[in-house]
Amino acid sequence: MIKRASVARRTIATPVILSVILLGFALLALWAGSKPFNQTIIEIFLRVILVVGLYIFIGNSGVISFGHIGFTCLGAYAAAWLTIPPMMKGISMPGLPDWLMQTQLPYWGAAGLAAAFAAVFALIFGLILMRLSGIAASIATFAMLAMIITIYSNWESVTAATSSVIGIPIVRNIWPYLIGAVIAVFVAWGHAISRTGLALRAARDEPTAAAASGIDIPRERLIAFTLSGAVMGLGGALFAHSIGVVTPDTFYLGLTFTTLSMLVVGGMGSLSGAVLGVVILSSLIQVLRWLEKGMQIGTSTLSIPNGLQEIALGVVMILILIFRPAGIMGNNELSWPLARAEKPDHGGA
Amino acid sequence: MTRKSIWAVALSTTALCAAPGWAQDDKIIVGFATAESGFMQAYDKPAQDAAMIRIGEINAAGGLLGQQIEVVTADTKTDRAEGAKAGLTVVDAGADLVVVSCDYDFGAPAALAAESSGKVSFFLCAESIKAGIQGVGPNSFSASVLAGVQGATMAEWAYNKKGARNFYRLLDTWTEYNKGICDGFDYMLPKLADANLVGEDTFKNEDASIAAQITRIKSLPAEPDAIMLCTMMPGAVSAIKQIRAAGINSMILNGSGVDGSYWLSAVPDLSNFYVPVQGSIYGDDPNADVTAFNATYKEATGGDPSTQYVYPGYVMIDVWAKAVERAGTTETAAVVAELEKMTDEPTLFGPRTFNSEIHHQNRARYLIVETNTGKPAVVDEWTISAPIPVADLMK
């Protein structure tokens, strides 16, 4: 017990610093007072939730999953089912069971249930998938994503198929998203320093030795998979509330690769990397967008051609990966600048 | 990278994200939250150009309520999350009217952003009932005509003017738009005495071959008088080509989505092919002003309109400006009230009606374009005998 507490005390700085950075963004949005900028920050928080969700599984297990956005889809639709007024559900999704049809929850309640819903599916899928490892596991997770999207794109009476599902209450207040992101960060931290998180990282680095030491690798992976499924589901639910519309194709390859590349650029093995990857790339995207529109600097307007944003982003990502192959943070975590000399890194352990 | 430089990165990104907010009042501003990049741009740009022509005309004639209309734009990048931001951007820039993407799915996030800010929103050319009160809210409108009206128009016109009695229904299940056309057809057919549905079938836009469907048409005791083809580009061309190649010469009825001559070279000498359009791009519109508009459009953009989907953009600014003029203000509730009073309001492209139940056209005058030996031309015009009830459109 004493040892566990000391691990928590030694590493608590990381989630606290990350939360403070996120809080800084929220305050910036309040200070700017611009609606589109507020929405941009909300989007950054949503990506933080999703990328941290990916990190919980990918970072700790070393298995790249292409399927996690499927859980985001499950979460988003669960939030839609739970929050749309019954009358509107009756028209667009007549096949819902009666008890669900009559349910209308506040967004935070729905987000919690959506996370639980996604976690249940992650558990079911994980029971099968977590026996695989390496590239076979990655391909299987991709198959799972394709399956979820195909079902949601065709189950007309329950998901309205490819039609946009509307009537989801829109939440433009920044605090719920900040809280969601902070919860995700603390969940990821809590898991990483827990017994199962440490066992999983041991299995990532030395599977044979870990198994020989009595670690049940599929079990530890399953725990991480379920937990990350829950975080992805929470992200999906909040995503649905951020724009008020969900469609299955939103949660497919585009979002999968955006979030994965943010994780890779930030540093796959590090929670700080997951958060900073999102923050840095999103900020870069935003600056390039402003430049595309033309930015007033002194008396002259600086602007770049439309479409250069995507190219510049690609170039920056390539440069980062050339000079920092393990991502911006590598396996390191942010911690108090003064304290760092006295303690070893835990992140890559 | 050292810890210090990581901190520097973290702090500088934080500092870079500062953006000033601004708000403008006592100006009349139209905000376009439309796609300037991505595939929707091909649909949004022509209609937006037409809207700009109408804005230019109003400004040249002294403006609206004595003020020049100003325009602000934001790119949705054909992305839903960006669409919501684009909607908020133009609202923040003081837009009194928020114009959103042509397609319901891609325009909805921006329209919802406008709705939640209490602004009037207009879809450039969405043809789903959801692009309006039923999907977005009480301040949302669409500038085009419902897909169902197109199917109903073709059925009723073919029955009355071409003596068609035996209909065959061939639906491409790819989009809501396609389903909408066939829903309108289904609504109209039982109302036509002794008209029969001799068969029906479905295919998918991406199907390379519809041989199975064609075999079923060929095995009917007699060739149907008309095939109601509910599909759109790009699959439409292949389907039409295969139907004709199989020797089926029934008249083919379509929605407006296949208007335009750009694809006709793929099916040489196509005949007996009918499309409903809001205005003619072929220079033979019964209203000379439409032909004059086509010339203006060419002058402004360097090309002729490629399909009839240019026109709703013009209609949109036209009806909105009239409503603002009558209300004497751009205040949302007053403008919506004036729009809802419009009954058969004349526009360049036929009369338009809005009311408190539907912010879309469930009845409209359509020109019928016939393609004969590969040459499209206006042959008739038709308005369905009664508006399609909202309940039938909500299916």
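## Helix α2 and what follows

Right after α2(A) comes A:Gly33, with a positive phi near 65 degrees. This is a predicted model, and here the helix geometry can be checked: with 20 residues (13–32) at 1.5 Å a residue, helix α2 of chain A should span 28 Å, and its end C-alpha atoms are indeed 28 Å apart.

## The sheet in chain B

Chain B has an open, mixed sheet of seven strands, ordered β7-β6-β8-β9-β10-β11-β12. The edges belong to β7 (196–203) and β12 (375–383) of chain B; each has a single partner strand, so one side of each has no neighbour in the sheet. On average, neighbouring strands are turned by 25 degrees against each other, direction ignored.

At the β12 edge, β11 (residues 365–372) of chain B pairs with β12(B) in the antiparallel sense over eight bridges. Within that strand, B:Ala377 is the bridge partner of B:Glu370. Helix α9 (residues 235–245) of chain B lies across β6, β7, β8, β9 and β10 of chain B, at about 165 degrees to β9(B).

## Rings and charges

Over all chains, a search finds 25 aromatic pairs. One of them is A:Phe71 with A:Phe225, edge-to-face at 5.5 Å centre to centre and 80 degrees between planes. A:Phe71 sits in helix α4 and A:Phe225 in helix α13 of chain A, so the pair ties together parts 154 residues apart in sequence. A:Phe71 is buried at 0% relative accessibility, and A:Phe225 is buried at 0% too.

Ring pairs also join A:Tyr77, A:Trp81, A:Phe117, A:Phe121 and A:Tyr152 into a cluster. A:Tyr77 and A:Tyr152 are both buried.

Over in chain B, the charged end of B:Arg80 sits over the ring of B:Phe106, 4.5 Å from its centre. B:Arg165 lies over the face of B:Tyr159, 3.9 Å from the ring centre.

Technical notes. Residues numbered from 1 in each chain as written. Chains lettered and ligands numbered in written order. Predicted model: local features only at pLDDT ≥ 70, side-chain atom pairs only at ≥ 80, totals over all residues. Heavy atoms only, no water. Helix = DSSP H or I, 4+ residues; strand = E, 2+ residues; numbered from the N terminus. Expected span 1.5 Å × (residues − 1). Pairing = 2+ DSSP bridges. Axes fitted to C-alpha atoms, helices over the stretch in contact; angles between N-to-C directions. Contact = heavy atoms within 4.5 Å. Phe/Tyr/Trp six-rings, centres within 6.5 Å; stacked < 30°, edge-to-face > 60°. Buried < 20%, exposed > 50% of the residue type's maximum accessible area, 1.4 Å probe, protein only. Lys NZ or Arg CZ within 6 Å of the ring centre and 35° of its normal.
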